[in-house]
There are 2 protein chains.
Amino acid sequence: MKKQRVSLDDIARSVGVSKAVVSLVMNGKAEQYGISERTRIRVLDRARDLNYKPNQLARGLRLGYTNTIGLIVSDISNSFYAAIARNIEDLAASVGSNVIICSTDEDIEKERKLIKLLRNRQVDGIILSSSQENAEELRNYYSDGLPLVLIDRCFENSGIPSVVVDNFNGGKQIAEHLSKSGFQKPMVLTLSTSHISTVKHRVEGYKYAWQQKGVKIDTVEIPFGDISGAVSELLMTRFKQNFMPDCLFAVNNNLATAVLQSCNNLGIRIPEDMALTCFDDLPYFSFIKPSVTAVSQPISDICTQAFEILMHQIKQEEIEGLGKLSVLSIVLNIRDSSRFVIPSDSEESKILKDK
Amino acid sequence: MKKQRVSLDDIARSVGVSKAVVSLVMNGKAEQYGISERTRIRVLDRARDLNYKPNQLARGLRLGYTNTIGLIVSDISNSFYAAIARNIEDLAASVGSNVIICSTDEDIEKERKLIKLLRNRQVDGIILSSSQENAEELRNYYSDGLPLVLIDRCFENSGIPSVVVDNFNGGKQIAEHLSKSGFQKPMVLTLSTSHISTVKHRVEGYKYAWQQKGVKIDTVEIPFGDISGAVSELLMTRFKQNFMPDCLFAVNNNLATAVLQSCNNLGIRIPEDMALTCFDDLPYFSFIKPSVTAVSQPISDICTQAFEILMHQIKQEEIEGLGKLSVLSIVLNIRDSSRFVIPSDSEESKILKDK
DNA sequence: AAAAGCACCTAAATCGATTTAGATATTTTT
DNA sequence: AAAAATATCTAAATCGATTTAGGTGCTTTT
């Protein structure tokens with residue numbers, strides 16, 4: 001019942017050759033090293049019979065690589081990152097690698113620990129959606145020789161290869177769409193982790209476009225934690241103060257979901273009472289009533305590019321423009337949640353009718 | 001620019017002691033082995049200065065364990081499994097372990113490869129949601145000494161510790177709820193991978209309860225792949241044949257989402273034209289219109305139990321009832337999508353009005 | 001002063017696979 | 001038949017950390 005591992009040596013002894021021969025045979029280098037066909041066959045047969053499995057720790061120790069890459073995101077249960085993870089997993093599998101996935105919960109200390117941990121495990125490289133405030137530490141890792149690619153979130157002039165989307169443009173397109181549709185009292189729901197590039201750029205793009213039209217924006221930061229509760233309270237308060245926006249931009253899918261939930265509870269109608277737009281498209285956005293206007297990201301492209309860049313680093317291949325920032329474009333899917341409805345006083349009064 | 005690793009030996013040489021001392025100090029065994037305080041401090045200082053990171057491959061090779069566990073599911077981008085992954089990750093982190101997550105796409109061959117691969121990597125144990133037809137192979141791994149816990153999906157009398165939910169009861173409760181509400185023409189949407197215990201038991205429970213009432217069930221297997229297209233076609237066909245069910249049970253969240261999407265496209269109203277119920281609760285089910293009746297699983301409990309059992313195996317601790325099947329209970333969340341509406345001819349005719 | 005005790009540390013084996021320099025036996029060349 | 005060439009394989013170092021059985025020099029005991 002005990003785990004009895006079969007090693008190279010066991011096979012070598014059993015066949016009556018040296019470990020070297022077994023190793024060479026197992027790695028397909030028999031011909032190259034002039035191992036006789038007879039010996040080769042005997043080794044392979046015995047390895048199969050004994051159910052030999054090469055110990056990858058020993059192999060990794062000797063070879064200096066592990067065919068494992070690390071993926072660090074803020075929360076693997078967020079569907080955006082889950083999709084990223086799945087893409088990376090498939091890409092890794094295509095080159096015989098595995099992925100160790102870790103979540104940081106936007107905690108810088110946790111991120112630091114995880115990077116250290118993955119390095120100690122000798123991962124070949126790391127794909128990281130960082131929560132750090134700046135790139136200083138990461139730059140150290142990178143120039144230390146750690147193959148590293150940043151995705152989703154980036155830093156200005158970090159010098160670390162990064163693959164992100166055009167968040168500014170996403171926010172801008174949303175604002176332009178809302179403005180063009182006739183909305184006039186915009187709000188943006190952002191996160192307390194507002195130093196994060198994605199959040200920051202989305203908000204900046206949104207503000208920029210509205211400011212072009214000379215419109216002031218109501219900006220609200222939702223603290224990490226009970227997002228749903230905070231959003232609910234916010235909308236309540238704004239309503240009581242008679243200070244409701246006529247359109248809202250939620251900077252990510254979590255916030256959007258919280259808004260939908262709150263509006264449902266509070267009886268706020270979308271888009272009649274308030275339009276809703278957000279970043280990150282989810283499957284259900286397209287078929288619920290109302291369908292939700294959202295910016296979608298090219299997840300597959302992000303992963304393909306990031307993975308490719310990482311592989312180049314791992315293989316130590318020089319590559320043109322390494323260290324560059326790659327900015328992919330987004331698509332704004334306009335749906336019912338941001339359809340403009342001519343407001344009437346009677347409608348406004350229906351809000352919170354259930355309360 | 002090159003990765004210059006700092007080893008135990010480097011520190012030893014630099015301080016002027018043997019590797020043994022450094023190792024003992026680093027592992028907090030200095031006192032136990034009578035290392036002088038002065039030496040201890042000097043070693044620690046030097047380790048910090050040189051930014052020493054113990055090589056976990058070497059450590060794992062020597063110690064025989066890696067503080068890494070494997071998690072194999074069918075698709076990490078499915079929100080149910082993403083949530084599972086997150087829970088397991090946190091549990092593992094609490095004991096200093098990492099998780100390697102892999103997806104099988106319900107492919108038995110891929111599952112086989114992944115298990116082999118994880119074993120070669122010397123993971124300490126595996127948590128598996130298996131796609132196999134029977135437990136034969138898995139039993140071999142298990143009795144071979146591989147710490148293994150099955151979750152979500154199980155096998156009869158496998159002898160392998162398993163943590164699942166009461167799928168039969170879930171299906172049964174749904175059917176009873178529908179029947180009690182007044183529905184009479186039930187359908188169940190199941191998957192082509194119908195040998196899988198979850199799917200099988202859900203359908204069995206559903207059928208059992210309806211049969212108790214003497215009602216026949218329309219059962220449809222949706223082939224893997226283009227689920228959304230297949231569901232859409234199915235509903236179209238059934239409608240044309242004038243053979244629409246008045247209530248539907250989708251055996252998992254993917255199917256339910258496909259149904260919502262199709263109904264939206266086809267103009268089928270829920271629950272007026274057809275009620276919808278499903279397994280796996282998703283956040284958005286509770287606030288969309290109509291809200292969706294769904295069975296929710298105690299994900300956190302599943303993970304806690306599975307992880308605990310795995311740890312017992314890894315630590316080789318005898319534990320009462322190891323190898324047993326643990327069946328957790330589910331909760332049926334009754335919502336608007338299965339509210340009974342007295343049918344009228346005029347309403348029925350509205351279906352497909354847009355086509 | 002020899003023996004014993006103690007504090008502090010070292011040498012070396014070990015985990016399992018890879019790789020290289022060279023050993024041995026056989027065959028071919030001259 | 002001796003030298004050279006070839007075919008086939010082996011020994012041993014290596015990756016880096018852990019662990020255990022001792023070793024060294026000092027102090028204390030008798």
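## Exercises on a predicted model

Strand β5 of chain B is joined to strand β11 (residues 325–328) of chain B by 4 bridges, and the two run parallel. Keep in mind that this is a predicted model. With that pairing in hand, let's work through some exercises.

**Exercise 1.** Work out which strands of chain B pair with β5(B), and which residues stand opposite B:S162.

*Solution.* Start with the pairing to β11(B), which has 4 bridges. Within it, B:S162 has B:L325 as its bridge partner. Now look at strand β4 (residues 148–151) of chain B: 2 bridges join it to β5(B), and these two strands also run parallel. Here B:L150 is the residue opposite B:S162.

**Exercise 2.** Decide whether the two faces of β5(B) (residues 162–165) are covered or open.

*Solution.* First, a rule of thumb: side chains in a regular strand alternate between the two faces of the sheet. Next, sort the residues: B:S162 and B:V164 go on one side, B:V163 and B:V165 on the other. Then check burial, where buried means under 20% relative accessible area. All four residues are buried, so both faces are covered.

**Exercise 3.** Describe how the protein meets DNA strand D, going from residues to elements.

*Solution.* Begin with the neighbours: 28 residues lie around DNA strand D, and A:S18, A:T39, B:L8, B:R59 and B:R62 come nearest. By type, the residues of this surface are 13 nonpolar, 9 polar and 6 charged.

Then turn to the DNA side. Of its atoms within 4 Å of the protein, 63% belong to sugar or phosphate, and the rest to bases.

Some backbone contacts can be picked out too. A phosphate oxygen of the strand is 2.7 Å from a backbone N or O atom of A:S18. Polar backbone atoms of A:S36 and B:N55 also lie by phosphate oxygens, at 2.7 Å for A:S36 and 3.2 Å for B:N55. As for elements, α2 (19–26) and α4 (56–63) of chain A, along with α2 (19–26) and α4 (56–63) of chain B, each give two or more residues to the surface. The most come from α4(B), with 4 residues.

**Exercise 4.** Find what relation links chain A to chain B, and why the copies meet through the same surface.

*Solution.* Superpose chain A on chain B: this takes a rotation of 180° with 0.1 Å of shift along its axis, and the RMSD is 0.1 Å. That is the relation of a two-fold axis. In chain A, the C-alpha of A:I100 is nearest the axis, 2.2 Å away. Finally, compare the interfaces: 100% of chain A's interface residues are also interface residues in chain B, so the copies meet through the same surface.

Technical notes
Residues numbered from 1 in each chain as written. Chains lettered and ligands numbered in written order. Predicted model: local features only at pLDDT ≥ 70, side-chain atom pairs only at ≥ 80, totals over all residues. Heavy atoms only, no water. Buried < 20%, exposed > 50% of the residue type's maximum accessible area, 1.4 Å probe, protein only. Pairing = 2+ DSSP bridges. Near = heavy atom within 4 Å. Polar contact = N/O pair within 3.5 Å; in protein donor to acceptor, adjacent residues only side chain to side chain. Nonpolar A, V, L, I, M, F, W, Y, C, P; charged D, E, K, R; others polar. Least-squares fit on C-alpha atoms with pLDDT ≥ 70 in both. Contact = heavy atoms within 4.5 Å.
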